[in-house]
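Q: Could we go through this model together? I would like to begin with the ligand site and then look at the core and some individual residues.

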Amino acid sequence: MTATPDPRKQFVRQVLNQAQTLGLSQPAEGEADAPVNIALCKYWGKRDPVLNLPVNSSLSISLPGFGTTTRLLWRPDSDVTGLQRLTLNGTPISPEDPVFQRLAAFLALFPAADQGRFDIDTHNQVPTAAGLASSASGFAALVKVMNQAFGWELSQEKCSLLARLGSGSASRSLYDGFAIWHQGLRADGLDSYATALPQVWPSLCVGLVEVDTSQKSIGSTAGMQQTVSDCDLYQAWPKQAQKALSTLQLALETQDFATLGKTAEHNALSMHATMIATWPPILYWQPQSVAAMQTVWQLRADGVGVYFTMDAGPNLKLLFEEQDRPAVEQAFGNLTILRPFARA
Ligand code: PMV
């Protein structure tokens, strides 16, 4: 009996092409990092859950200096293969841990996992007050370090294709600054990757409002699957996202902050509306999330240019410019503020 080939393994082979045969007889090692990113136009819904193909394109801003640094050692001269050792911020992770298993399953898609052992040390510099997903920076850093260690010399687009298989939003974490993950049209997923946008926005600030950073009740993959299959309002989502994406691109080109903020906030609320309108309902908000939204709306009524976005969790990410920082800090008190282009 022949086993059905895993479409993800086939995808990886297609992306690697002849690069996969290089460097597999010698030990390989390297280190790479990748930033976390925040979507201003969200990815919500998969048209192919196996290949992680999205229903809609999305647009993000990366937070350089906050993300994941990963060291990899791969050895072919070993009687064991695949992921053997994983440390996270210096602590060994047990093979029974879901984090270990998710990473091992991802690495198993690569030919190198059948031919040698992987030892991986990974460090997250994601602020605890964040509610920022480290899976995006984690998979992007892992693909970057493999590309480097194995001498694949893949383009950033190809690395983005591979990172996408680990976590959809990881496709955007290959880049600093703004990035678009193009949904693509092909069934084989080879045209669904992110590219960088040229615009910079030196005065842009992102404020992290911590409401609750504990484990969420439903993860993004399960949440989106449930929304796609059980929410009648979801039909409206791809259209909303398409419109938001074009508006955001224009706002970036014209450096129109009010349009950028408004569009990002509206898009996030539209995504949450589809979650709430699913059955059983998915509501990530907590009373403090709503209170923070109301503070944002009051600040805007008082003339402060501040907007928010939210992912699959109760925390808010505020968007504002440097000139409004004092007013925002005063209203929110304890706020972690990041400057995506501080080094630009
Ligand atoms: O990449 P995933 O599978 O963790 O999904 C991310 C989903 C959102 O964070 C809610 C939106 C986005 O585009 O990042």
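A: The answers below concern the ligand, the nonpolar core and several single residues.

Q: Before that, what kind of model is this, and how are residues numbered?

A: It is a predicted model, in which local features need pLDDT of at least 70 and side-chain atom pairs count only at pLDDT 80 or more, while totals for chains, interfaces and linings use all residues. Residues are numbered from 1 along each chain as its sequence is written, and side-chain values use heavy atoms, with hydrogens and water left out.

Q: Which residues come nearest to the ligand?

A: Tyr43, Ser167, Ser169, Arg172 and Ser220 come nearest, out of 13 residues around the ligand. A residue is near a molecule if one of its heavy atoms lies within 4 Å of it.

Q: What polar contacts are there with the ligand's oxygen atoms?

A: A polar contact is a pair of N or O atoms within 3.5 Å; within protein, one must be able to donate a hydrogen and the other to accept it, and residues adjacent in sequence count only if both atoms are side-chain atoms. Arg172 places a polar side-chain atom 2.8 Å from an oxygen atom of the ligand. Tyr43 uses a backbone N or O atom, which is 2.9 Å from a ligand oxygen. For Ser220, an N or O atom of the side chain is 3.0 Å from an oxygen atom of the ligand.

Q: And how much of the ligand does the protein bury?

A: The protein buries 91% of the 390 Å² that the ligand exposes when taken alone. These accessible areas come from the Shrake-Rupley method with a 1.4 Å probe; for residues, only the protein chains shown count as cover.

Q: What is the shell made of, by class?

A: The shell around the ligand has 6 nonpolar, 4 polar and 3 charged residues. In this scheme Ala, Val, Leu, Ile, Met, Phe, Trp, Tyr, Cys and Pro count as nonpolar, Asp, Glu, Lys and Arg as charged, and the others, Gly among them, as polar.

Q: Where does the ligand lie relative to the domains?

A: The ligand lies between domain 1 (7–196) and domain 2 (204–338), because both give residues to the shell around it. The domain bounds come from an automatic or database domain assignment.

Q: Changing topic: how many residues are in the largest nonpolar core?

A: The largest nonpolar core has 89 residues, and Leu59, Phe118, Met146 and Phe178 have the most contacts inside it. Such a core is a set of buried Ala, Val, Leu, Ile, Met, Phe, Trp, Tyr and Cys residues joined through side-chain atoms within 4.5 Å. Buried means under 20% relative accessible area, exposed over 50%, and partly exposed in between (1.4 Å probe, protein chains only).

Q: Which helix gives the most to this core?

A: Helix α4 (residues 134–149) gives the most, with 9 residues. Helices (H or I, at least four residues) and strands (E, at least two) are DSSP runs, numbered from the N terminus. Domain 1 (7–196) and domain 2 (204–338) both give residues to this core, so it lies between them.

Q: Now the backbone. Where is the cis peptide bond?

A: It joins Trp279 and Pro280, with omega about 0°. Pro280 is in the loop between α8 (257–276) and α9 (287–301).

Q: Which non-glycine residues have a positive phi?

A: Asn89 and Gln255 are two examples, with phi of about 50° for Asn89 and about 55° for Gln255. Asn89 lies in the loop between β5 (82–88) and β6 (91–92), and Gln255 in the loop between α7 (237–254) and α8.

Q: Are those two buried or exposed?

A: Asn89 is partly exposed, at 42% relative accessible area, and Gln255 is also partly exposed, at 39%.

Q: What about Asn56: what does its side chain reach?

A: The Asn56 side chain reaches the backbone oxygen of Lys42 at 2.8 Å. The side chains of Asn56 and Trp237 also form a polar contact of 3.0 Å. Asn56 is in the loop between β3 (53–54) and β4 (58–75) and counts as buried, at 2% relative accessibility.

Q: And Ser173?

A: Ser173 sits in the loop between α5 (156–166) and β8 (178–181). Ser173 counts as buried, at 0% relative accessibility, and its side chain reaches the backbone oxygen of Pro35 at 2.7 Å.
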